[in-house]
Amino acid sequence: DRQTLVAVLQFLRRSNLRESEEILRREARLLGDDLGGNVATVATSSPGVAAVAAVPPGKGEARGDCGIGSSSRQEPRKAGSPCAARSLGGSPLFWDTRIGAVVVEDQPDVSAVLSAYNQQGDPTLYEEYYSGLKHFIECSLDCHRAELSQLFYPLFVHMYLELVYNQHESEAKSFFERFHGDQECYYQDDLRVLSSLTKKEHMKGNETMLDFRTSKFVLRISRDSYQLLKRHLQEKQNNQIWNIVQEHLYIDIFDGMPRSKQQIDAMVGSLAGEAKREANKAKVFFGLLKEPEFDVPLDDEDEEGENEEGKPKKKKPKKDNVGSKSKKQDPNAPPQNRIPLPELKDSDKLDKVMNMKEAARRVRLGPECLPSICFYTFLNAYQGLTAVDITDDSSMIVGGFADSTVRVWSVTPKKLRSVKTAADLSLIDKESDDVLERIMDEKTASELKILYGHSGPVYGTSFSPDRNYLLSCSEDGTVRLWSLQTFTCLVGYKGHNYPVWDTQFSPYGYYFVSGGHDRVARLWATDHYQPLRIFAGHLADVTCTRFHPNSNYIATGSADRTIRLWDVLNGNCVRIFTGHKGPIHSLAFSPNGRFLATGATDGRVLLWDIGHGLMVGELKGHTDTIYALRFSRDGEILASGSMDNTVRLWDAVKAFEDLETDDFTTATGHINLPENSQDLLLGTYMTKSTPVVHLHFTRRNLLLAAGAYSSQ
């Protein structure tokens, strides 16, 4: 009201904030006259200027909502004298005299969040408002139309919810029926949820709607299109829509050409719109850590004559293509000690030597030389196969099942054996050379071990890099760590209160990540009961998790249709990728750490440049959810496996060459994807009736795939 406005203006003058005072006067005159003396929400865009929120007609509270570049801090009561305290669902507001902004204490509760929908306008005019805007956008120039059309969906949802909240049920129903067909096809699932909310009571417990209310929907629009919209709404005095734009949408304005329909379609579709450009500006160390250096001995047959005591073994210099990569420090790599990584044990060094020998015999893949594919089909898996993993050296395969068991198979002639009992171990000569063989109990040798312990379906499994441990996560809310020496459960990690959908060991062991229905991912270390980091920010279940090859970052895919990249060091979210039209179910980093591939229920594989925070490719071909993605060992080929019973191979080298990542593209998101991804498709391989749930390249680049035969 006028008194409050006058008080604010006097306060601004006293505090020598002339610029803010001017802006407020201008805005108040601009919108104040139409509102019969009330002032609309003012969002100031000059840096460091606080945003002031006053009350539109009939609203029961003020919002401490900040405009672009404004500051609003949660301060204790003593910060400023309470000279304007209206309540927001019971939480008092205070003027903070140092920054001149409304301070809202604590997080608003559900009723407070919803009460922002208090009656604002004439319910019978909502359809008119919306169709007026629709008419205006459809008649605007082509270059603006595509950008402004992004407003349809968020406005539709907010206007519908406002009608429902204020108990105009019949108006809400007719509004929904008239306009829901105009929304983009990728919002169908959200609209289905929305259509079931027909009464005010329904809104109280609905998480999806709460998210929609609390997180501002982000639209990226060029300055020209935004000015056009603003002018139209102010001429028409369409305060209803203008209020929603101000309060519930975050418009990320960029200078430059408006984006085309294709460019926008590629990026939108997530639960909260696109990512703000600011979200992808942080520096990411995507390079690989330097490998520790040790010499690779000659192959066994060349070594035989050299093994008498006292004579040094002859060392053969490593082959260039294996060794030279790790010698130079990658300029984009994180500092070696940025996060503490476990020391290499002797057995790890031995394994690395084996790995390098295998790598020397690795097949170079490419369009002319595709990998052979070996498919492991789980037959009679009536207990429902829900997760698969294969060890790095391809010696063991594990299946997680819906009957809550975890089953481990040996896929080499070597059987799985447990360590002997304590009594038997005490009899062993610890000095003997083959002590590691002697401690194993031959009587326990078998191809399959079954691990019991979970009390619900097992949704994720992961072997440790040294093959001594196995992780499994389940619907029972726990992550379990199993010993592959004794085939028993060592620890149950409790932190998630709901089903845990995925878990994965760090490439260096020791750390692991889990993600679940509680919308957060957690970082753990095997020797801690509590998580080390909690990554919160997704608006729906975290469905898949992946460590970056340098272990400093974790990628998470979610049912909110976004992918986030988190920094392990400080827990910050450093990248948000939007563009998928359905929940994300698979993630894969390229071996060089520069790129990320993601697959979702929309049947598309999207490729991302991590350093620039940009989408750089879209691979279309699958007709169902993509559950498995894997790059070949040198990164030339990307394999994708889907519920459509196919494995597809894509040319990764070609997909990532000649990328346009100039500053303008990075700044505005004007991405130019090739029209046709078919020329990147190198092959499609059908199974008879087996959805593909896991893919793995052996150290020599043989592709292993796995899934359970389904007999529909």
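In this predicted model, S551 is buried, with a relative accessible area of 0%. The residue sits in the loop between β19 (542-547) and β20 (553-558). Its phi is near 70 degrees, a positive value in a residue other than glycine. Most residues other than glycine have a negative phi. A second case is N701, with phi near 75 degrees, again positive in a residue other than glycine. N701 lies in the loop between β31 (694-697) and β32 (703-708). Its relative accessibility is 3%, so N701 counts as buried, the limit being under 20%.

A positive phi also turns up in a hairpin. Strands β25 and β26 form this hairpin, with four residues between the strands, and G613 there takes a positive phi near 65 degrees. How do β25 and β26 run, and how many bridges join them? The two strands run antiparallel, and six bridges join β25 (residues 604-609) to β26. Within this pairing, R604 stands opposite K620 of β26. Strand β26 covers residues 614-620 and is mostly covered, with six of its seven residues buried. In a regular strand the side chains alternate between the two faces of the sheet.

Some stretches of the chain carry a label from a record. An unreviewed UniProt entry lists "repeat: WD" for residues 378-419, 451-486, 493-524, 535-576, 577-610 and 619-651. The model shows what two of these spans look like. Residues 451-486 are 0% helix and 53% strand, and the C-alpha atoms at the ends of the span are 11 Å apart. Residues 493-524 are 0% helix and 59% strand, and their end C-alpha atoms lie 9 Å apart.

Other parts of the chain are helical. Helix α12 (residues 239-248) is mostly covered, and 10 of its 10 residues are buried. Among these buried residues are I241, W242, I244 and V245, but also N239, Q246, E247 and H248. An α-helix has 3.6 residues a turn, so residues three or four places apart point the same way.

Next come the nonpolar cores. Which residues have the most contacts inside the largest nonpolar core? They are L151, F156, F175 and L194, in a core of 45 residues. Helix α6 (residues 152-165) supplies the largest share of this core, 11 residues. Another core lies apart from it and has 23 residues, including M267, V574, W608 and L673.

Aromatic rings can be followed in a similar way. The whole structure has 25 aromatic pairs. One of them joins Y130 and F156: the ring centres are 6.3 Å apart and the planes stand at 65 degrees, so the pair is edge-to-face, a label that needs an angle over 60 degrees. Y130 belongs to helix α4 (residues 126-139) and F156 to helix α6, so the pair ties together parts that are 26 residues apart in sequence. Both residues of the pair, Y130 and F156, are buried.

Y160 and F176 form another aromatic pair, this one tilted, at 5.2 Å centre to centre and with 55 degrees between the planes. Y160 is in helix α6 and F176 in helix α7 (residues 169-179), 16 residues apart, so this pair links distant parts of the chain. Are Y160 and F176 buried or exposed? Y160 has 2% relative accessibility and counts as buried. F176, at 11%, counts as buried too. The residues of both pairs belong to one aromatic cluster, made up of Y130, F152, F156, Y160, F175, F176 and F179.

Rings also have charged partners. The charged end of K276 sits over the ring of Y250, 4.0 Å from its centre. In the case of R407, the charged end sits over the ring of F401, 5.3 Å from the ring centre.

Cysteines are the last topic. A disulfide is a covalent bond between the sulfur atoms of two cysteines. How many disulfides does a search of the whole structure find? It finds zero. Two cysteines illustrate how the surroundings can vary: C473 has 0% relative accessibility and counts as buried, whereas C573, at 27%, counts as partly exposed.

Definitions and conventions. Residues numbered from 1 in each chain as written. Predicted model: local features only at pLDDT ≥ 70, side-chain atom pairs only at ≥ 80, totals over all residues. Heavy atoms only, no water. Buried < 20%, exposed > 50% of the residue type's maximum accessible area, 1.4 Å probe, protein only. Pairing = 2+ DSSP bridges. UniProt positions renumbered as here; feature names shortened; annotations may be inferred. Core = buried A, V, L, I, M, F, W, Y, C linked by side-chain atoms within 4.5 Å. Phe/Tyr/Trp six-rings, centres within 6.5 Å; stacked < 30°, edge-to-face > 60°. Lys NZ or Arg CZ within 6 Å of the ring centre and 35° of its normal. Disulfide = S-S within 2.5 Å.
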